[in-house]
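Biologist: I'd like a close look at one part, please: the largest cavity. About how much space lies in it, and what lines it?

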Amino acid sequence: MELGIGIGWRPEIAAEVESLSGIDWVEAVAENLCADHLPDSLVRLRERGVTVVPHGVALGLGGADRPDPDRLAGLAARAELLGAPLVTEHIAFVRAGGPLTASPRLEAGHLLPVPRTWDALDVLCENVRIAQDSLPVPLALENIAALITWPDEELTEGQFLAELVERTGVRLLIDVANLHTNHVNLGQDPAKALDELPVEAIAYVHVAGGVEKNGVWHDTHAHPVSEPVLEVLAELRSRVDPPGVLLERDDAFPPGAELAGELDAIRATLRKAADTAVGPGPDRAVLRKADTAAPRPDPSPSLEPSPGPAPGPAPDRTAGAEPRTVTPVPARTRDRTAVAQTALLSALVAGTPAPEGFDHRRLRVQSRALAAKRADVVAKVAPELPEILGDGYRAAFLAYAGSRPMSGGYRRDALNFAEHLLIAGGPADPVARRRLTYWWQDRSGARPPRRTTRLVRAARAVLVGK
C-alpha cells in the first residue's frame, strides 16, 4: 500500500497536524489511544481520508516471554477502530524477569536492543508469528536506536532483519534516524545495513531528530532532523522507493511552520535521491543474499537444537483463513534469553553488577538515560508531582529511581514514588507534604490497606489535626 508523506500525530500538536498541507497519513502511538473511541482530531483526519496507523511500543516482541494476549488484543482493537491497513511495533525488549527467571518483573520504560544471536532470533520469530496470528492486519517491525551492544553477537543488523523477514514474512519499518544513531554510538555502517536488509520488505520509513552529547547520539525525537539523518534517508531512497515516509516528533514541539519545513526537507531529499535510485532488482537481491547471509553454526550434539519457524509468506488475512501453526521454541532457548535479558535490565535499573562483556561506561550512560526518561514521563503523566515538589522533584525522583526499578506502568510509578516520599517523611515543607498525601490517597484506589498505607493514613490524620 502506498502511504505517501506523513507525520506522527500527538495530542500536543493535533491542531498543527490538521493544518499541515500535503499530509497523506499519520501515525499514532497505540497505547495512547482508547480501544473504543478516538480523539476528535483523529476522527476529523479520517473523515478527510487521512490514513491512521497505530504504532505500538509495549509488546516487547524481542523479550523472552511470549506476547501478552491482552496487549495483542488491545493493539488489534485499535487497528480495527482506526481501519488501519497495518500495525507497527519494535524489535526490542521492554521488560524482563518474572516466572522464566523466578525473579521480580522489571520494566525498562524504554526500547532495549535484543542480542543479534540465533537464540534471540528464534525467540523473536516465534513471538512475531504469534503476534501476526492475533492481529487483523499485517505487522511491520521497526529497528531501534541503541546506546549499548551485546557481546558475542553472531549476525549484523542487516542479516538479523533479513533472517526475520525470510522466516516470518513480516514487513519492516526502517528508522533512518536509528541507523544514524547506531552509526555514531556503535560504529555500525548504515549503508552496509541497507545493503544487507531486504529493502523490498519495507512498509514505511521513520525520520526523526536527535542530539549528540559527549560523543553519544541521543535519539530524542525532540530536535530538528539533522543533515546526517537525511543523508541516510537518501541512501535508502537510492536503493528503493519506500511506500511511506513519516516525520516523528515526541517532545519540545515546534510551531507548525517548523514542522512543515522539516517535511519539505524530507520531500526534497527523496526527490534528489530518486535521480540516482537503482532499486534492488532480482539480480541485486540474489547477490545481496549470497554476499551477506550469515551461516548458522551447527548445534553441538550436547545441546538441545533451537530451530526457528519454517520460512513462509505473510499470513492470509482473508475471512476463514486457517491460523498458522507456530513451531515452539525450545524452553531452554527462552530460558537462556530470559536470564541474559534480566541480568542486563537489572544492571540498568536496579544497580546490580554489569553482565560480563558489556561496556561498563556505556551501561552507565544508558542507566542514567533510563532514569531521566522515567522522571520526564512521570512528570507528564502526573504533572501535579513537579508542581507540588517544585525544584526538588527531579532530584527526589532520581534518588528514588536509583534503587527502585519500575515494575508497572508510569502511572503506578508515580504513585509508588509519592508513597515512598511520604513513608520517608518527605517532603520537608508541611504544606507540600499535605498536598502530596491528599494527591496519593485520591489516586491510590480502593484496596486492602498495607502497612505502608496505614502509615500514610496515620500521617494524614496527624497533619489534619495540626
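**Inside the largest cavity**

Modeller: The largest cavity holds about 160 Å³ of space. Keep in mind that this is a predicted model, where local features need pLDDT of at least 70 and side-chain atom pairs pLDDT 80 or more, while totals for chains, interfaces and linings use all residues. Residues are numbered from 1 along each chain, and side-chain values use heavy atoms, with hydrogens and water left out.

Searching the whole structure turns up 2 cavities of 30 Å³ or more. (A cavity is a set of points on a 1 Å grid over the protein atoms alone where a 1.4 Å probe fits but can't get out; its volume is the space filled by probe spheres on those points, joined across faces, edges and corners.)

So who lines the largest cavity? There are 16 lining residues (those with an atom within 4 Å of a point), and Pro113, Val114, Arg116, Ile144 and Glu157 lie nearest the centre. Two elements, α5 (157–168) and α6 (176–186), each give two or more residues to this lining. Helix α5 gives the most, with 3 residues. (Helices are DSSP runs of H or I with at least four residues, numbered from the N terminus.)

Now sort that lining by class: 10 residues are nonpolar, 3 polar and 3 charged. (Ala, Val, Leu, Ile, Met, Phe, Trp, Tyr, Cys and Pro count as nonpolar, Asp, Glu, Lys and Arg as charged, and the others, Gly among them, as polar.)

Technical notes
1 Å grid on protein atoms, 1.4 Å probe; cavity = no way out; pocket = protein on both sides within 12 Å on 5 of 7 lines; lining within 4 Å.
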